[in-house]
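User: I am new to this structure and would love a close look at one part of it. Could you pick a part, tell me what surrounds it, and then show me how it fits into the whole?

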There are 2 protein chains.
Amino acid sequence: MLPDYVAVVVRMPDGLFPILRQYSPAVEAYTWEFPAGLLEPGEDPAETCARELREETGLSAGSITPLGSFYADTGRLANRLHAFFVEAGNPEPGFLPEPGVELKLVTLEELCGLIQTGAFSLVSHIGVLLLAQLHGKVDCSRALSPKVADDSPLGT
Amino acid sequence: MLPDYVAVVVRMPDGLFPILRQYSPAVEAYTWEFPAGLLEPGEDPAETCARELREETGLSAGSITPLGSFYADTGRLANRLHAFFVEAGNPEPGFLPEPGVELKLVTLEELCGLIQTGAFSLVSHIGVLLLAQLHGKVDCSRALSPKVADDSPLGT
């Protein structure tokens, strides 16, 4: 059975959000995602959250807020996604992401823009961002650009 | 290969949102979800959207807004999730959902409450709700109850 995983919306002291892009063989595409990963045996989800954050971004977790446990696909995947919001500490000096992984720091407005264009295309992680909003951590309604406030479809 | 699927945030003329609950063998639990389903061969995603809406809720689609195409799990599932927002027409008189399926009409505040408690536990569909917000269709920031606006975790 597939282990549970975590996905983490992270805000840095300067208000930016780290996101990662790598090649996904399953979908044969590069996609932006939040820091995320599988639980190791015996690991608590909050421990996985702090570990993945450190390994993927070089950031330490200041405060960790659990946003609940969910499913990515109730029809096909039985494992749970544990969602977190983290206020990060300062970055580790000289940190480099793993080869093949691009690390980027974006504003909330830029993040919402990447979601709207489909460049950030992992809808389960988009759900974690709404969970962070429902917990009062971010407000994506302020990131709504006039360009997409009308009815113009982005295409499917 | 698994076909693509659609997931649909639907608003009725009275402002309520239909959601469905059924038993999911994969996760061995009852979960609330938006109307959703797999594309049939040769079907356009917008056609699937209208068909699933009719079959699952008895509602006809007034206007259909595509919110983009995404992935539920870039590590494991290659199929795409096509997200839609629909302004529904009036319900078909005497419509009954399929046996084993519970159909409920909720306000946006109730919907966000079910997400926060984990009763609506499909995080990919939660992502579709944020997409609807980013397209200016709903504003979940107004549905934030004071109870969850503090730091109290819901548990994982």
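Analyst: **One helix and its neighbours**

The buried residues of helix 2 of chain A pack against strand 2 (17–24), strand 7 (102–106) and helix 3 of chain A, and also against strand 5 (59–71) and helix 3 (123–134) of chain B. Packing here rests on contact, meaning heavy atoms within 4.5 Å, and buried means under 20% relative accessible area, with exposed over 50% and partly exposed in between (1.4 Å probe, protein chains only). Helices (H or I, at least four residues) and strands (E, at least two) are DSSP runs, numbered from the N terminus.

Before going on, a word on the model: it is predicted, so local features need pLDDT of at least 70 and side-chain atom pairs count only at pLDDT 80 or more, while totals for chains, interfaces and linings use all residues. Residues are numbered from 1 along each chain as its sequence is written, chains are lettered from A and ligands numbered from 1 in the order in which they are written, and side-chain values use heavy atoms, leaving out hydrogens and water.

Which residues of the helix are tucked away? In helix 2 of chain A, the buried ones are A:Leu108, A:Leu111, A:Cys112, A:Leu114, A:Ile115 and A:Gln116. Just after this helix comes A:Gly118, with a positive phi near 90 degrees.

Now let us widen the view to the interface. Chain A brings 57 residues to the contact and chain B brings 58. Together they bury about 4,700 Å², with carbon and sulfur atoms giving 65% of that area; buried area is the accessible area (1.4 Å probe) that two parts lose on being put together, summed over both. The rule finds zero salt bridges across this interface, a salt bridge being a side-chain nitrogen of Lys or Arg within 4 Å of a carboxyl oxygen of Asp or Glu.

On the side of chain A that touches chain B, at least two residues each come from strand 3 (29–33), strand 5 (59–71), strand 6 (80–91), helix 2 (108–117) and helix 3 (123–134) of chain A. Helix 3 of chain A supplies the largest share, 10 residues.

How do the two chains relate? Chain A superposes on chain B by a rotation of 180 degrees with 0.0 Å of shift along its axis (RMSD 0.0 Å), the fit being by least squares on the C-alpha atoms of residues with pLDDT of at least 70 in both. The two copies are therefore related as by a two-fold rotation axis. In chain A, A:Gly127 has the C-alpha nearest that axis, 1.7 Å away. The copies meet through the same surface, because 100% of the interface residues of chain A are also interface residues in chain B.

Salt bridges do occur elsewhere: the structure holds 12 over all chains. In one of them, A:Glu87 pairs with A:Arg11, their closest N and O atoms being 2.7 Å apart. A:Glu87 sits in strand 6 and A:Arg11 in strand 1 (residues 5–11) of chain A, so the pair ties together parts that are 76 residues apart in sequence. A:Glu87 is partly exposed, at 30% relative accessible area.

In chain B, B:Glu102 and B:Arg21 form another salt bridge, with 2.8 Å between the closest N and O atoms. This pair links distant parts of the chain, 81 residues apart: B:Glu102 is in strand 7 (residues 102–106) and B:Arg21 in strand 2 of chain B.
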